[in-house]
Amino acid sequence: MDTRERYRQFLLPVVADGVEPVVVVSGKGRTVVDDQGKSYLDCFSGISVVNAGHGHPRILDAARAQLEKLVHAASCVYPVPVVGELAERLAGVAPNELRKSFFGNSGAEAIEGSIRLAKQATKRHELVALGFGFHGRTIGTLSLTGNRGRKRENGPYLPGIGFGPAPYCYRCPLKLEYPSCDLACARALKDVIQQQTSGDVAAFVAEPVLGEGGIIVPPKEYFDVAVRIFHDEGALFVADEVQTGFGRTGRLFGVEHFPGAAPDVMAMAKGIAAGFPLGAFIAREPVSEAMRPGDHLSTFGGNPVSCAAAIANLDVLREEKLVENSASRGRALLERLGRLKESARLAGDVRGLGLMIGVELVLDKKTKEPAPKEAKAVRAAMRERGILVGVGGIYGNVVRLQPPLSITPEECDRAASALEEVLSKM
Ligand code: PLP
């Protein structure tokens, strides 16, 4: 029985019926190989995870060495050297004096822990998130998610959550234009607190760049205004860096692009350990004091092998200058793809930061009617040309390019040329 048939027979349809028709058997650097021996340039990195590339030898060596020593001891119960070392390393690179970490296994778990900490630290219970935001698939994280497509047939969700308008300039929810809008979407958060909460707000939870919502890049000053509103209220800012973290946007963390985006808690996962399962949140010291032993724990959290990989991943990002490469390759790619807005009928908007780039497809540039079928067709045509890209956005109409950060100019050229050709034919 082949893998696709096994999937059909033995995996839930939620997975089996949604997967791409590529059975991936191996990966090295920016290349993955399918079960027919066909190679693909991976421009999606397993949903923005293998930032250092597939199977980086230094990361594998570090993981292998740890594997031989200890796989699991429950690092919340027995201290494990490599877990402490990773926590120290994260404190060394995190912004805004974020210092104390908690390790789990996934992005959703990192957000769940972050909101729990924010609630305990403020002794408040409400949260504010953003329309078009995405934070995971648990009930708590779905409650914070501003996308009904993800929340279908699964309510009721947590009460006490207000939603602010997305900082989505291409489809401004307030029908304004940047910069004459004077950041009305950020200022509107004051009204959200006023009108949608009881004034007991623990935290504002937001992604620096809204990934699943469609690679939405807020205006530069957005967080300056937004975060100040919450800090003035005595609420915290929880930055969801699950997708933007570890160099994806051309800085180690997405918040570093935005003056004033001073997180009190930051959630991380995806790119933290180059594909080994690991999630974490890191908090400013006074905030971190609020949770006491017994309040929070994760059996597999802080797996030693994943932590060893994460330390090596940080070394590789720094020594191979992958964050810098993300910035420069991303800038060049964005500039080139930006021309699609003129040359390609379907390309309504092209946006991004670093190697987190979205091409939003529309049927009509005036009405901006989303083109989700066309986005899927682009993904399929790229796949036929040996290039893997993602599709996202609340309307399913954004083609996502999020390759490993080690991508070369030639590989960028190949991906861009293929996308230009595919779009020119549609
Ligand atoms: N937060 C953001 C911004 C994400 O993009 C995701 C996943 O795509 C998550 C949280 C959830 O992460 P996970 O799938 O590891 O639970």
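1. Helix α6 (residues 107–122) supplies the largest share of the shell around the ligand, 3 residues. The whole shell counts 15 residues. The closest are Gly107, Ala108, Gly136, Val242 and Gln243. By class, the shell splits into 6 nonpolar, 6 polar and 3 charged residues. Keep in mind that this is a predicted model.

2. Next, the sheet of 7 strands. This sheet is open, and its pairing is mixed. Read across, the order is β4-β10-β9-β8-β7-β5-β6. The edges are β4 (98–104) and β6 (161–164). Each of these two has a single partner strand, so one side of each has no neighbour in the sheet. On average, neighbouring strands here are turned by 20 degrees against each other, direction ignored.

3. One pair in that sheet deserves a closer look. Strand β9 (residues 265–268) and strand β10 (residues 279–284) run antiparallel and are joined by 4 bridges. Met266 has Ile282 of β10 as its bridge partner.

4. Two helices lie across strands of this sheet. Helix α5 (residues 81–93) lies across β4 and β10. The angle between α5 and β4 is about 140 degrees. Helix α10 (residues 222–232) lies across β7 (201–206) and β8 (236–240). Against β7, α10 runs at about 165 degrees.

5. How do α9 and α10 pack? The axes of helix α9 (residues 184–196) and α10 come within 8 Å and cross at roughly 10 degrees. Angles under 35 degrees count as roughly parallel, and α9 and α10 are therefore roughly parallel to each other. From α9, the contact uses Ala186, Arg187, Leu189 and Lys190. From α10, Tyr222, Val225, Ala226 and Ile229 take part. By class, this contact has 6 nonpolar and 2 charged residues, with no polar ones.

6. A further open sheet has 4 strands, in the order β1-β2-β3-β14. Its pairing is also mixed. The edge strands are β1 (24–28) and β14 (387–388), and each pairs on one side only. Strand β2 (residues 31–34) runs antiparallel to β1, with 4 bridges between them. Within this pair, Val24 has Asp34 of β2 as its bridge partner.

7. Is strand β16 (residues 398–401) covered on one face or on both? Both faces are covered. On one side, Val398 and Arg400 are buried. On the other, Val399 and Leu401 are buried. Note that the list of buried residues includes Arg400.

8. Strand β16 has bridges to two strands described here. With strand β12 (residues 356–364), β16 runs antiparallel over 4 bridges. Ile357 is paired there with Leu401 of β16, a residue that is also buried. With strand β15 (residues 390–392), β16 pairs in the antiparallel sense over 3 bridges. Gly390 stands opposite Arg400 in that pairing.

9. Last, the hairpin of β15 and β16. There are 5 residues between its strands. Which residue of the hairpin takes a positive phi? Gly393 does, with a value near 95 degrees.

Note on methods: Residues are numbered from 1 along each chain as its sequence is written. This is a predicted model: local features need pLDDT of at least 70, side-chain atom pairs count only at pLDDT 80 or more; totals for chains, interfaces and linings use all residues. Two strands pair if DSSP finds at least two bridges between them. Axes are lines fitted to C-alpha atoms, for helices over the stretch in contact, and angles run from 0 to 180 degrees between N-to-C directions. Two residues are in contact if their C-beta atoms, placed from the backbone, lie within 7 Å. A residue is near a molecule or strand if its C-beta atom, placed from the backbone, lies within 6 Å of it. Ala, Val, Leu, Ile, Met, Phe, Trp, Tyr, Cys and Pro count as nonpolar, Asp, Glu, Lys and Arg as charged, and the others, Gly among them, as polar. Angles under 35 degrees count as roughly parallel, over 145 as roughly antiparallel, 65 to 115 as roughly perpendicular and the rest as oblique. A residue is buried if 20 or more other C-beta atoms lie within 10 Å of its own, exposed if 12 or fewer, and partly exposed in between; C-beta atoms are placed from the backbone.
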